[in-house]
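Visitor: Could you take me closely through one helix and the turn of chain that comes after it, and then place that part in the wider model, with the cut-offs behind each term?

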Amino acid sequence: MTDFPILTAIIATPLIGAVVVTMLPSRRPEIIKAVGYGFTIATLGLACWLLADFSTKNIFFQFVENQPWLPGIGSRYIVGVDGISLFMVVATALLMPLSLLASQRYPSQRPKAFTAWFLLLEFSLLGIFLSLDLIMFFVFWEILLVPMYFLIQGWGHERRQYAALKFFLYTAVGSALMLACILVLGFLHQGATGVLTFDYRVLAAWAYHGLSLTTETVLFLGFMIAFAIKLPLVPFHTWLPDAHTEAPTAGSVVLAGVIIKMGAYGFLRFSFELFPHASVNLAPLLLTLGVIGILYGAVVAAMQKNLKRVIAYSSIAHMGFVIVGIFSLTVLGLDGAVFTMLSHPLTTGALFLVVGMLYERRHTYEISEYGGVWRSAPMLTAMFMLAMVAGIGLPGFSGFIGEFLSLVGTFVSRRPWAIAGAIGVIFAAVYMLWAFQRVFMGKPSAITLRMPDVSLREVIVVAPLLALSLFLGLYPKAALDRIEPSVKRTIVNVELKTGFHEKRPAGYSKTTLPKGVTASESIRLGLGGP
Amino acid sequence: MLENAWIIPTLPAVAFVAIVFFGKRSPGKGAFVGIAAVGASFVASCVAAGQWIQRVDNATGKSEGLAAFTKGVVSAGGAHAVQPVTESITWWQNGSIKFGVGTFVDGLTVMMVVVVTLISLLVQIYSTAYMRGDRRYTWYFAALSLFTASMLTLVVASNTIQLLVGWELVGVCSFMLIGHWWEEPANSRAAIKAFLTTRTGDIGLMIGIIILFFTVGSFGIGATNLYATSGHAQHAFLLAAAVCLLVAIIGKSGQFPLHTWLPDAMAGPTPVSALIHAATMVVAGVFLGARLYPVFFNGFSIGHGGVNAMALVGGVTIIIGAALAFVQTDIKKVLAYSTISQLGYMVMALGVGAWSAAVFHLFTHAFFKALLFLGAGSVSHAAGHSFDMREMGGLRKKMPITFWTFVIGSLALAGIFPLAGFWSKDEILVNAGKNGYTAFLVVGLIGAFLTAAYMTRVVYLTFFGEYRGHEHPHESERAITIPLVILGALSVGAGLVNAAPLGLEKIKDWVQPQVAFPHLNNAAFDYPKAILSVSIALAAIVIAGYYWLRRDELRAFRGLTERNALARSGYQFLVNKYYLDYLYEDIIVDGIRGAVARASYWVNQHVIDGVVNGLGSGSTRIARYTYDVIDQRVVDGAANGIALETDRAGAEVRGFQSGHVQRYALVLFGGVGLLSLALFLINIH
């Protein structure tokens, strides 16, 4: 491992790309596109390098960079990656070039602005997943709103104004609460210790004993609302279907693939380490919301007439599994949740990409407008079918591993919720199969018969996602080996901080830290000091 | 081969990939690849079976010798019991919990792989003729290969996760194949119904597996069975797991009340129906019951002779399925209900402690049910692609091979001595009686009567009388008749594997596990019961045959016998027959065809399907309500309300969209300041 600041490079590359794109002449779309591909692919290359260099031995943050940034308010530029954020970075870096490639023909208008916003979106997402300073995290969280708002508003469909505004409002409400909580946390820490810092690791080592239970609970709830809106948990979810329906394909892919994972990531990263007591106490609330999300998302998805809305509601159901896995507070459940956060971008990304291809051909998302597509576009059907079975948790694909681990983990600690969640597994099949039947089966109409099948470019867009989903479904170890050390550390820290005991199946040993890592080191997340 | 059993499912899986990518360009448009792979897989299965038999015989021989030497110190099931051959590698690991993938090979496994690969092979050969010219011919063979591979994965599974993997894959393949002709909405509906109904059962499997894991501490099949047979198993957990797994069996194996998908699944191509009914899909449930039998045995306390859920489900299904078979005019639907009924026998047998009888019946049923489906396909292939028996008739002369094999299959199904079905069904009945389940013995006998009667009806309507269709029926080609003849031979001979009076009890010797298995005493062959059941079946055939022949040919025939002195006793017999016929026609047949069957069918279509449809439409209604009222009005209403208020406040900048955003941002961040101040003040102490 060299001293090359790889994380900074990963964050900076798309930003530089965005700046470069704005300086290009807008009359030369081919150059703009080439630059867009160049920078997103360079970011992906860096992310792959990160993946290759990532050590499975280190349970703390790796490649940490720590520089002064805003000394006046105690905020520093701290970036680092662990098993929980690693795959979010990789998934983001992977989806971006594919989404750009998928948007090659559409939208044709204003490619310069589109590409620039898109690169800025990537920049903010990577910043969110890599920041270890709460102020910095918040800044990235807010920056994200801008490109996403303009992508929906500028390149969306009929009701794009409404959807963009709704997206902005919902998320801004959440972030407002989160900012308040971040500030309170920082200043309380300053009051207690005299040091003003927003270093996540420092705060995490202090908050569990420095806050009263009430304060902790209030702050937890503040963060929770921000994350729950992003996730989204029912009843904070109605922005998602609208945003999806109106967003361009690339926007939907990123929205479903990465943006909604920000909420789950927030819970995993911040709730447990900063507010462990509240996380343990309020786990039943979150589990209940998760199960409601699973069932509600599935039921409502079943009666949608718009293909994108079906997938949007299905995402709500999938995120329900993630939240249930997280708040099962077991290593199995957390493993399952993080794995699903990696798997879901692949499967749902592929689904949205294929639906975007249908839209390009017929300019509608209405299910009733289709029928018998299989006849004229068998390859497209095959891609949709693979993405669908991967998404509904068919063994052999990645979705199954994540869902199953979440369920096993939840069963170990919270049986009734696990059983309710298992029922959601069938529903997932119901709505997707109905949609599949109505779109791809049946007698094709004359227009459908003239529909061209996929081009090579379209295969290249979807194939990597499906191949990765299959690979991870067959060989989940590749991802789990990297995820698990951090997950174990999270669980052990919750145990150390609260006296909570992880539930385990009969005959299984307690989750422990690797040899050579002490409890106090673990609580301080590897940071030196007393 | 016992150590390398992974080859058996891998071959068809590789064939699937090869056909998908290269099928259209390969010889036979993919069919040859599929046939070659499943053929090789069949050979490998036979080798495995041979090695297993050798292993058992060696061990038995040794233990006998040793037992003689040590004067019976070594007891059966002791040190010299034949262990299954387990191979496993870690698939992935979470903490100390290992998820493996591997093979668990014992007698049951080798029997299943032989049956599955053989039936698949014959079905694929048959399909080359039956599916010729199909729009998606290559894809069809790819899907068949995957179907077989999935089932084999399930069968050789060394742990319950892998079993679940195979189970789900089988479900998806059945979805694709039942809906193969998806241009017709009815077909795709049937495919979805099949997938969703079986998936309802899958919840049971999933939860059952998790409960077992939680209780046993392992997903391994061997470990689970060992735990369940150990004295210290927690009964409550076993019971819970057994109930959940029974739900899975009910869903997959078409048991009452989740059997309604199976007749609809006839929408698929006929060879697929044969495969689903004989080898791949529906027997998966029974296989699950047999594989994890100790869990059911101890969970349901089967050894104690009380009525249990498993036997009850099986028993009810026998009658329900058989009764429904009478009112069908579609030949494939008769066979579908017949499968339901026969699976009921297997489940009931498991429920009454007759493990080897259940497995034996699975074995023989595979052959004659595949034969009957393929025969029905041959008939329709030759007679204008109709399965309506009202358009058949008189085909006996026109397609003799199909006719004779179909008759053999029907007799085997009816349990006529000495065909395959006789031996296995008889063993179920004898063991039910011996283990104290007299009520289920009676149910089994009633089922035997009904089975023989409805099969007689099918044979009559299809092959006798005058041809009522408008085609020019002819015997099918060799690719169709050769599988029929092979299956016909097996339907005759397969029962000899476990023909107790001949001293052959190979199912018990070779297949029944000797370790981690409840102690079962198989009943000895019982001549009175065997004669009784055969007489019942014969009576049913005669009664039903008489009923169907009466109008056309019997009057002339009767006149002949009246003039013939030799036939006087026969006359008396016929009078008695007539009396029985009257009884049969007016009371039993009309009773069954009219009241009971119609009622069952009504219950089937209205109550069960009604509940299913009701749940469907109800959930749609709930969904619509939730969506319209809660989602769109309440939740969205609140959001829109906030938006509207802010909108009014910012009326002067309306029309300039980004102006809204700035204003909201301003309002929100102003709020943030106040809020954080408030929180800060509250908490500073």
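**A helix and its surroundings**

Guide: Helix α14(B) is followed by G353(B), a residue whose phi is positive, near 85°. This is a predicted model, in which local features need pLDDT of at least 70 and side-chain atom pairs count only at pLDDT 80 or more, while totals for chains, interfaces and linings use all residues; side-chain values use heavy atoms, with hydrogens and water left out. Residues are numbered from 1 along each chain as its sequence is written, and chains are lettered from A and ligands numbered from 1 in the order in which they are written.

The helix itself, α14 of chain B, runs over residues 331-351, and its 21 residues reach 30 Å from the first C-alpha to the last, close to the 30 Å expected at 1.5 Å a residue (the expected span is 1.5 Å times one less than the number of residues; helices, H or I of at least four residues, and strands, E of at least two, are DSSP runs numbered from the N terminus). Of the 21 residues of α14(B), 20 are buried, so the helix is largely enclosed by the rest of the structure (buried means under 20% relative accessible area, exposed over 50%, and partly exposed in between, with a 1.4 Å probe and protein chains only).

Around this helix, chain B holds 24 helices and two strands, and 60% of its 685 residues count as buried. Taking the contacts in chain B between residues at least 6 apart in sequence, 79% join residues at least 24 apart (contact means heavy atoms within 4.5 Å). Elsewhere in chain B, I446(B) is found in helix α19, residues 438-463, and is partly exposed, with a relative accessible area of 42%. The C-alpha atoms of I446(B) and I319(B) are separated by 7.6 Å, although their positions lie 127 residues apart along the chain.

Chain B also meets chain A, in a contact that takes 70 residues from chain B and 83 residues from chain A. The area buried between the two chains is about 6800 Å², and carbon and sulfur atoms give 75% of it (buried area is the accessible area, for a 1.4 Å probe, that two parts lose on being put together, summed over both). Across this interface the rule finds zero salt bridges (a salt bridge is a side-chain nitrogen of Lys or Arg within 4 Å of a carboxyl oxygen of Asp or Glu). The side of chain B that touches chain A takes at least two residues from each of β1 (85-94), β2 (97-105), α5 (160-178), α6 (185-216), α23 (568-649) and α24 (657-683) of chain B. The largest share of that side, 17 residues, comes from α6(B).

Chain A offers a helix to set beside α14(B). Helix α18 of chain A, residues 398-413, has 16 residues that should span 22 Å at 1.5 Å a residue, and its end C-alpha atoms are 23 Å apart, which agrees; 16 of its 16 residues are buried, so α18(A) is largely enclosed by the rest of the structure.

Positive phi values are found in chain A as well, in residues other than glycine. F63(A) has a phi near 55°, lies in strand β1, residues 62-70, of chain A, and is buried at a relative accessible area of 12%. H363(A), with a positive phi of about 55°, is found instead in the loop between α15 (331-362) and α16 (373-376) of chain A, and at 56% relative accessibility H363(A) counts as exposed.

Over all chains, the count comes to 12 salt bridges. One of them joins the side chains of R489(A) and D82(A), at 3.1 Å from N to O; R489(A) lies in helix α22 (residues 477-498) and D82(A) in the loop between β2 (75-81) and α3 (83-102) of chain A, so the pair ties together parts that are 407 residues apart in sequence. R489(A) is buried, with a relative accessible area of 1%, and D82(A) counts as buried at 0%. Another salt bridge pairs R309(A) with D242(A), the closest N and O atoms being 3.3 Å apart. R309(A) belongs to helix α14 (residues 307-327) of chain A and D242(A) to helix α9 of chain A, so that pair ties together parts 67 residues apart in sequence, and both R309(A) and D242(A) are buried.
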